[in-house]
Amino acid sequence: MNYTREQTDLADDIFASLATSPDHAVPRSSSSLYSAYLNDTDVQSLVDARAEKYGCRIIQTRNGMYLAPVSQDSFFGFTRSELVQKLTVYRNNDTTPSSLRYCFAMSVILKLCLEFYSGRGEQMKIRSSLPVEDLIRDLTEFYNEGAEREKHEREEGGETSTGIRFTDIKNYWDPMLNEDRGSNGTLSKKQAVDKVLRFLSSQHLITYDSKVARQIGTTLRFDELMTALILGQSNYRNLIAELFKRSDAGLSEEDHEQH
């Protein structure tokens, strides 16, 4: 297909704006770029092709558009090993497999999604804020219930229903200190959760300042991405499967890595 010079220039401008902005977004207020993508199917095809080249896709929302990685690319997203580094806290003599650290961090993110959003009723967002202390308490209940369900499923001779290794995560979580007690090398629950929350804040997905107020909130970007990627596709019942792919959640070849 032949494209005009104006169309290719517009596509370059749109993709460059998506790629270089801090949150990889083009807001609706950028009317010329947003309108060009929305109203010109040729420009849209060109931009989509550029996104696909770098392992991304374009997500449209009511307030603009986002560039979202769909694989472990090295341009706009993070590889799994990078996420392990960014999401988890290491302590001396800790031999926890990196795959389990990763699963734990993802379980915190999953629990946040379940706390803030619902697939039922007219309102997607069901709360405006969540105290960190409540999240820690809810995570303990989350892991206890999941581990109990796994035990029952094993006794019945079946496989776990979610693909999440709740028992392993619970065994990682329970020994953590309930309160911070200096720098004696022992990890606390607050420290483990804080690392995940600070990462999400740096990605403009939540509002969180551990030094001022230990309250968690969600940003408009997070709300819209949840709508477009999960809830807007009527996939709430598959939220766990969406966030925890079986190939990632299971403890596989990385189980015996030492860190």
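**Entry 1: α6 and α7**

I began with the pair α6 and α7 in this predicted model. Helix α6 covers residues 132-155, helix α7 covers residues 166-173, and I find their axes 8 Å apart at an angle of about 140°. Angles over 145 degrees would count as roughly antiparallel, so I have to call α6 oblique to α7. The crossing of α6 past α7 is left-handed.

Next I listed who touches whom. From α7 I noted F166, T167, I169, K170 and W173. On the α6 side they meet I136, L139, T140, F142, Y143, N144, G146, A147, R149, E150 and R154. I sorted the residues of this α6 and α7 contact by character and got eight nonpolar, four polar and four charged.

**Entry 2: the sheet**

Which order do the strands take? I read β1-β3-β2, an open sheet of three strands with antiparallel pairing. At the edges I have β1 (25-27) and β2 (56-61), each of which pairs on one side only. Ignoring direction, I get an average turn of 20° between neighbouring strands of this sheet.

I then looked at how β1 is joined to β3, which spans residues 64-69. Three bridges link these antiparallel strands. For a handy landmark, I marked A25, which stands opposite Y66 in β3.

**Entry 3: helices on the sheet**

I turned to what packs on this sheet. Helix α1 (residues 5-20) touches β1, β2 and β3, and I noted that its direction makes about 65° with that of β3. Helix α2 (residues 31-39) also caught my eye: α2 lies across β1, β2 and β3. Against β2, I have α2 running at about 105°.

**Entry 4: α4 and α5**

My last stop was another helix pair. What angle do α4 and α5 make as they pack? I read about 70° between helix α4 (residues 80-87) and helix α5 (residues 98-116), with their axes 9 Å apart. The range for roughly perpendicular is 65 to 115 degrees, so α4 gets that label relative to α5. I noted the crossing of α4 and α5 as left-handed.

For the contact itself, I wrote down R80, L83, V84 and L87 of α4. Their partners in α5 are S98, S99, R101, Y102, A105 and M106. Sorting the residues of the α4 and α5 contact gave me six nonpolar, two polar and two charged.

Methods. Residues numbered from 1 in each chain as written. Predicted model: local features only at pLDDT ≥ 70, side-chain atom pairs only at ≥ 80, totals over all residues. Heavy atoms only, no water. Axes fitted to C-alpha atoms, helices over the stretch in contact; angles between N-to-C directions. Helix = DSSP H or I, 4+ residues; strand = E, 2+ residues; numbered from the N terminus. Parallel < 35°, antiparallel > 145°, perpendicular 65-115°, else oblique. Left-handed = near helix turned anticlockwise from the far one by under 90°. Contact = heavy atoms within 4.5 Å. Nonpolar A, V, L, I, M, F, W, Y, C, P; charged D, E, K, R; others polar. Pairing = 2+ DSSP bridges.
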